[in-house]
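This report concerns internal space and strand pairing in one protein. The sequence and the structure are shown first.

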Amino acid sequence: MKEITVAGQEEGQRLVKLLGRYLKEAPAGFLYKMLRKKNITLNGRKADGSEKLKKDDKIQIFLADGTYEKFAGRQEKAAVYPTARLSILYEDDHVLLVCKPVGMLTQKAAPGDVSLNEYVLGYLAESGQWDPGAQAFRPSICNRLDRNTSGIVVCGKSMAGLQQMSALLKDRSLHKDYLCLIAGAMEESRRLEGWLWKDPSENRVQILDGPAQDASRIVTEYEPLRMSEEATLLRVRLITGKSHQIRAHLASTGHPIIGDPKYGDPKLNLRYRREFGLNAQLLHAWRLEFPDMEPPLEALSGRRFEAEPPKLMRTIFEKVT
């Protein structure tokens, strides 16, 4: 008999899903059959697999060793994750907020990449908060930023944290504000609406005036904070959230983000590169505002977190606006 004790990070997932992680070679029908026959029990009682697990729940698996090993499959050697000093804005048992620097991937784009996600896993493993050999749960980044966009990234440290944060990002109840510097003067706040179509072969998007096949409706709000004839510092709020939305939407108005190599003004970008050494778009995920949160994330209810922009970005903001 094998017994699994549910860890705090695993709390909140359904029993059958956790079983699928430990017995990854077993068909779902087999797992449900074992539950019906009480060859798998929860806290010594019959279960149907839909139960949401709590910390310290006991799962008993009454299978012959050979059968268990067959369905458990080949156990991968625990990965070793890189470590780096993270800029941590907030941390509890369920959520980690970090400020990603310019130039770092949020998540891997290719197998050999090292991204913020790997650095977070390395931090959690090194600090004893997560076991890299654990089969039932792996912490993960919840939102993505472009490689050359800095700012706040959310990580779910537990199943409950991952589920709630992913739900907030999906229903847009977690407010995300960005800072960016655009070319030219914008005097008034605006709400931009349009349709975004992505060309996956070029990793580039287009902004359309109306609906089209494979295009998504987008809404972007912005407010000028400081302005000169040359540039305007904007606070931007994403009402929807699509890849490259802010960059392409602002560029479509004739006011691209300064430094943006994909949607920006090449001549202006070259001048800022020569004058300031700028090699990335001046876009920063600046602030998160949380709505009322349910347990176990109630400590985040109504809270606001801000990440200071990088030094070069602050220098340029001050000098040109």
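The sections below describe a cavity and a sheet in this model, which is predicted.

## The internal cavity

Rolling a probe the size of a water molecule over the atoms reveals where empty space remains. Across the whole structure, the search finds 1 cavity of 30 Å³ or more. The largest cavity holds about 50 Å³ of space.

## Residues of the lining

The lining of the largest cavity is formed by Asn143, Leu145, Ile152, Lys176, Asp177, Tyr178, Ala285, Trp286, Arg287 and Leu288. Two or more of these residues come from each of strand S8 (175-183) and strand S13 (283-289). The largest share, 4 residues, is contributed by S13.

Sorted by class, the lining comprises 6 nonpolar, 1 polar and 3 charged residues.

## The three-stranded sheet

Strands of a sheet pair through backbone hydrogen bonds, in either a parallel or an antiparallel manner. In this model, an open sheet of 3 strands follows the order S1-S3-S2, and its pairing is antiparallel. Strand S1 (2-5) and strand S2 (40-42) occupy the edges; each has a single partner strand, so one side of each is left without a neighbour in the sheet. On average, neighbouring strands of this sheet are turned by 15° against each other, direction ignored.

## Pairing of S2 with S3

S2 pairs with strand S3 (residues 58-61) in the antiparallel sense, over 3 bridges. Leucine 42 stands opposite isoleucine 59, a residue in S3.

Notes: Residues are numbered from 1 along each chain as its sequence is written. This is a predicted model: local features need pLDDT of at least 70, side-chain atom pairs count only at pLDDT 80 or more; totals for chains, interfaces and linings use all residues. Side-chain values use heavy atoms; hydrogens and water are left out. On a 1 Å grid over the protein atoms alone, a cavity is a set of points where a 1.4 Å probe fits but cannot get out, and a pocket is an open set with protein on both sides within 12 Å along at least five of seven lines; lining residues have an atom within 4 Å of a point. Grid points are joined across faces, edges and corners, and a volume is the space filled by probe spheres set on the points. Ala, Val, Leu, Ile, Met, Phe, Trp, Tyr, Cys and Pro count as nonpolar, Asp, Glu, Lys and Arg as charged, and the others, Gly among them, as polar. Two strands pair if DSSP finds at least two bridges between them. Axes are lines fitted to C-alpha atoms, for helices over the stretch in contact, and angles run from 0 to 180 degrees between N-to-C directions.
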